[in-house]
Amino acid sequence: MQSCEISSDSTDDSHSSGPRRPPHRQPRIVVIGAGLAGLAATKTLLDAGFTDVRLLDASHRVGGRVQSIQHGTASLELGATWIHGTNGNPVYHLAQEHRLLEHTTDSERSVGRISLYGKNGVAHYRTDRGRRIPKDLVEEFSDLYNEVFKLTQEFYQNGKPVCAESQNSVGVFTRDYMRQRITSDPDDSDAVKKLKLSLLQQYLKVESCESSSPSMDEVSLSEFGEWTEIPGAHHVIPGGFMKIVDILARDIPPRNVSLGKAVRCVHWTASAQGQTHQRRGGGGGNRTRGEGGRDDGRRGRDGDHNENDRNTAGDRLILGAGRAVRVECEDEEWLTADHVIVTASLGVLKDRHEALFSPPLPEEKVLAIEKLGISTTNKIFLEYAQPFWSPECNSIQLVWEEEEEGGQGEGEKKGAGEEEAGEEEGEEAGEGRRPALPEEQWYKKICSFDVLYPPQRYGHVLNGWICGEEALLMERYDDDTVAETCTELLRRFTGNPDIPKPRRILRSSWGSNPYIRGSYSFTRVGSSGGDFERLATPLPCADSTKAPPLQVLFAGEATHRKYYSTTHGALLSGQREANRLVEMYQDLHSAKTTTPNV
């Protein structure tokens, strides 16, 4: 969780509009990506009376970064786990309305700042020398850390200037401030001070996993407090977060959905002249098709919509003499459309925006993509026949004692798909930044193993957490190697050489997934909240009056300024872009049916 600021804005867009009049002329709309944003956009359009809507996803399932794996009577969440807040949260309202939270236990409900998973019981902070850090020492350190964490929020919330020494970095500021407070405490021995400094590195690793950043050094101090928390408790859905996906997807007819449908390029029209060229050249770029090619709207699944091409003169005047967008798919099918809603992740946009759009995206949108951050947070589930941890233990937190001063730890690495925008802005690693881990020591970035509660539902399962470049390295190894590495870690930190290998391992791999490329977005040093809005701006730009409007729209968690990185941010962004089209066609219909005064 990144901020303590509470939003007073209403978020429940889905309940605010009520029934709408279907559009006078049915436009053709393609939605790319069947995650929460794409599903919400498609459902909103269909509910508003649009019928010519097609939802595409490159993978063979819906849900995007929501993926629940059945585990006995429970579900293990490889992706989204928590509903963050209740008051006005559309995800929470869906869960409540469909009675998904009836069996949520106290350990799966949290009012305050959540840990990575559970809160019942006591966290065991163990060092690599096999000793447990005393509970009172941990609590004393935690109080200081939370005090400093609140300070990191104030730079944005109170408009405080950022000092040059912090390099506008949450990690650098927190580490320097904490180190000064810890080392100057006259009541602590040198040994206690070293232990607290080691704890600091572990806390920053946990914070990186929660922020999905490679390192808190990369998170912008001046923007850190903008992320807005919805009031109310956080909840886990016992039946799996995929239940929310199922609710959104079940009202979308199968004929409107194409899975395993990867998009190669979105060819849009930047100007009236460009539109003419696109029609003649089959979509622009160097992948041209002749008049008889599959991109003419009369072959494949695209061919059953041809009646909609008979537009009135008024429609053509406003929307252009033909469909302004052509979607080129990897299977060589071309789909024509009036509008395309792109819900690709920020990681995919970083990786592929140059090839994915023709003509290229405007410079300010490209800069927003480059400046904003996304990294990979992965989970490692380990199942055991019997627990080796004590009944009151809710997590095993891994503290490397060697990391108290300048050792290997919270690294300075770029996340999956990230460009070199940081270096361009003078953000190269310098004094105050943490050194990176050597590749062979990727396991040192595993910050903790949480105990899944209740055991009656989950059995005896630990959930390990790893983020950043080291999470990508973990993805390269096979299950047996990762299971063996985790076993060695647990034996070392608990001092118990008899811990068995897990009987089952399950882990996520969001970084190497070519259709995801990371977990969720964050404000990287050099970026601002305005970059989320620039990413959300439709194409062509508003000042381009001759080209058909709202050809390419953008949704997804990384397009929501207040709620980026969340499932409700993704859902709301999909509704936002769908409603943008609903309102445009309502205005068009009103303009045609209103008789002007003479």
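**Notes on the cores and a six-stranded sheet**

1. Let's start with L45: setting aside residues within four places in sequence, L45 is in contact with I29, V31, F50, V53, I341, A578, L581 and V582. Keep in mind that this is a predicted model.

2. L45 belongs to the largest nonpolar core, which has 44 residues. Along with L45, the members touching the most others are F50, I83, I237, F241, I244 and I341. Two or more residues each come from β1 (29-32), α1 (36-47), β2 (53-57), α2 (90-97), α6 (242-249) and α16 (567-593). The top contributor is α16, with eight residues.

3. Another core lies apart from that one. This one has 31 residues, including V30, L56, L356 and V552.

4. Now for the sheet: six strands form an open sheet in the order β7-β17-β18-β19-β16-β20, and the pairing is mixed. Since β7 and β20 (504-507) sit at the edges with a single partner strand each, one side of each has no neighbour in the sheet. On average, neighbouring strands here are turned by 20 degrees against each other, ignoring direction.

5. Helix α5 (residues 190-211) packs on this sheet, touching β7, β16, β17 (393-399), β18 (448-451) and β19. The direction of α5 makes about 110 degrees with that of β17.

6. Inside the sheet, β16 (residues 377-384) and β19 (residues 460-467) run antiparallel, joined by eight bridges. Look for I380 opposite G464 in β19.

7. Over at edge strand β7, is T127 buried or exposed? T127 counts as buried because its relative accessibility is 0%. Residues up to four places away in sequence aside, T127 touches I133, L195, V399, E401, R492 and F493.

Technical notes: Residues numbered from 1 in each chain as written. Predicted model: local features only at pLDDT ≥ 70, side-chain atom pairs only at ≥ 80, totals over all residues. Heavy atoms only, no water. Buried < 20%, exposed > 50% of the residue type's maximum accessible area, 1.4 Å probe, protein only. Contact = heavy atoms within 4.5 Å. Pairing = 2+ DSSP bridges. Helix = DSSP H or I, 4+ residues; strand = E, 2+ residues; numbered from the N terminus. Axes fitted to C-alpha atoms, helices over the stretch in contact; angles between N-to-C directions. Core = buried A, V, L, I, M, F, W, Y, C linked by side-chain atoms within 4.5 Å.
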